[in-house]
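This report describes selected helix packings, one buried residue and several backbone features of a single protein chain. The sequence and the structure are shown first.

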Amino acid sequence: MKFSDIRDAFPILKLQENGQPLVYLDSGATSQKPLKVIEAIDHYYRAENANVHRGVYGLSERATESYEGAREKVRHFLNASSTKEIVFVRGTTEAINLVAQTWGRENLTAGDEVLITEMEHHSNIVPWQLLRDQLGIKLVVVPINDQGEISLSDYESLLSEKTKLVSVVHMSNALGSINPVKEMTTLAHKVGAKVLLDGAQAVPHMAVDVQSLDCDFYAFSAHKMYGPTGIGVLYGKEALLEAMPPYQGGGDMIYSVTFDKTEYNELPYKFEAGTPHIAGGIGLGAAIDFMLDIGLENIAQYENQLLTEATEKLQQIEGLKIIGQAANKGGVISFVIEGVHPHDMATLMDQDGIAVRASHHCAMPVMQRFNVPATIRASLGVYNNSEDIDRLIASIKEAIDMLV
Ligand SMILES: Cc1ncc(COP(=O)(O)O)c(CN[C@@H](CS)C(=O)O)c1O
């Protein structure tokens, strides 16, 4: 599929916003959905809707086949070794909470250290604070430099035999920084720590190979990689998942229940209590097909070119400062403009049909680190093009003229 044709695959991009063609630059919050994904979900409800795993009639068997077929697509997409390692959750947030409340409670005791970084999303900070308050563990934070990068030497100096888990973002949603997660994983394993990678922003932009990374857990959300909301994935090494207690109790996660004892189901169902988001799983599978049709390397290359173009043009605007200039970045540009509050900018840009986010992006420590209340963030998807970038630049200049 050619990138010039991709835009046509997204019905919503034909919308006018305030009388102008929509320029959607907030894929970091949630991506738009291609017709292929919308149709897959529609087809499930029209032609395959039944509960999964338990029906002995054809409709339920076909629904189960579609849902479990999506799990196999996720396995292949991440290059996991088994579908037993692919747990469907609501999204990245639930994936991280699941690890904290099962592996964490089972394996951590007072004084143990969980290492995170200064650029983490709140969903990779608060679950560990909850565990700290429950168990007395210690949170260790790796600082970031003025470019929004982690220094491997700083990181290594904070590792010790007390470090039991390293939980870090693969690509920052607030800065765009792509962390050297493979090297970080190797160093963590040397001190005996497990590694969880938050892949929410990375998966939409690049190929992820969990066996090559050798991470112990990997989390992402379907809605950021052209799939529906309400479904995400926790990848975990089989042996780790096998040893972990269930996250929630209920139907489907059991083999047998008596009032005295319950025998839990096998992986991954042990972690999937209750009726799952069947349509969401099927939609995620269709989103993976969509991305693979384009080619993950092609997506990365195309978006990197657009990122470079946007960065160069933004840097020419007087009074504009980009927050996060890591040498290795993905399709996220955060910036501030001297004398203008981000919310005012984004509100005016909306009048021009430009959708950008003005927020702390659920990364308040990053805002504190750079001493800004918020940033304006433009985040890219496969449907963005140079025309979008030109409209963004023009709208920013117009808003500055009005506000300054
Ligand atoms: C790095 C990272 N980690 C976790 C999450 C949470 O994903 P959920 O699907 O909401 O569970 C997000 C979602 N960031 C959105 C909402 S704040 C953004 O606008 O940047 C993320 O970017």
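Two residues are in contact when they have heavy atoms within 4.5 Å. Helices (DSSP H or I, at least four residues) and strands (E, at least two) are DSSP runs, numbered from the N terminus. This is a predicted model, in which local features need pLDDT of at least 70 and side-chain atom pairs count only at pLDDT 80 or more, while totals for chains, interfaces and linings use all residues. Residues are numbered from 1 along each chain as its sequence is written, and side-chain values use heavy atoms, with hydrogens and water left out.

**Annotated domain**

An unreviewed UniProt entry lists residues 23-392 as "domain: Aminotransferase class V". Such annotations may be inferred rather than shown by experiment. Helix makes up 40% of this span and strand 18%, and the C-alpha atoms at its two ends lie 8 Å apart.

**Helix packing**

Two packed helices are described by the angle between their axes and the distance between the axes. Axes are lines fitted to C-alpha atoms, for helices over the stretch in contact, and angles run from 0 to 180 degrees between N-to-C directions.

Helix α11 (residues 296-315) and helix α14 (residues 386-403) have axes that come within 10 Å and cross at roughly 20°. The pair is therefore roughly parallel (angles under 35 degrees). The crossing of α11 and α14 is right-handed, the term for a near helix turned clockwise from the far one by less than a right angle. From α11, the residues Leu306, Glu309, Ala310, Lys313 and Leu314 meet Ser386, Ile389, Asp390, Leu392, Ile393 and Ile396 of α14. Seven residues of this contact are nonpolar, one is polar and three are charged. In this classification Ala, Val, Leu, Ile, Met, Phe, Trp, Tyr, Cys and Pro are nonpolar, Asp, Glu, Lys and Arg are charged, and the others, Gly among them, are polar.

A second pair is formed by α4 and helix α5 (residues 126-135), whose axes are 9 Å apart at an angle of about 25°. This makes α4 roughly parallel to α5, and their crossing is right-handed. On the α4 side, Ile96, Asn97, Val99, Ala100, Gln101, Gly104 and Arg105 take part, facing Pro127, Trp128, Leu131, Gln134 and Leu135 of α5. The contact of α4 with α5 comprises seven nonpolar, four polar and one charged residues.

**Threonine 92**

Helix α4 (residues 92-107) also contains threonine 92. Is threonine 92 buried or exposed? With a relative accessibility of 5%, threonine 92 counts as buried (under 20% relative accessible area, against over 50% for exposed and partly exposed in between, with a 1.4 Å probe and protein chains only). Setting aside residues up to four places away in sequence, threonine 92 touches Asp198, Ala200, Ala219, Phe220 and Ser221. Aspartate 198 is 106 residues from threonine 92 along the chain, yet their C-alpha atoms are separated by 7.1 Å.

**Backbone features in loops**

A cis peptide bond with omega of about -5° joins leucine 267 and proline 268. Proline 268 lies in the loop between β12 (262-264) and α10 (278-294). Two residues other than glycine with positive phi are tabulated below.

| Residue | Phi | Loop | Relative accessibility |
|---|---|---|---|
| Histidine 53 | near 75° | between α2 (35-48) and α3 (58-78) | 26%, partly exposed |
| Aspartate 214 | near 65° | between α8 (210-213) and β9 (217-221) | 33%, partly exposed |

Notes. Angles under 35 degrees count as roughly parallel, over 145 as roughly antiparallel, 65 to 115 as roughly perpendicular and the rest as oblique.
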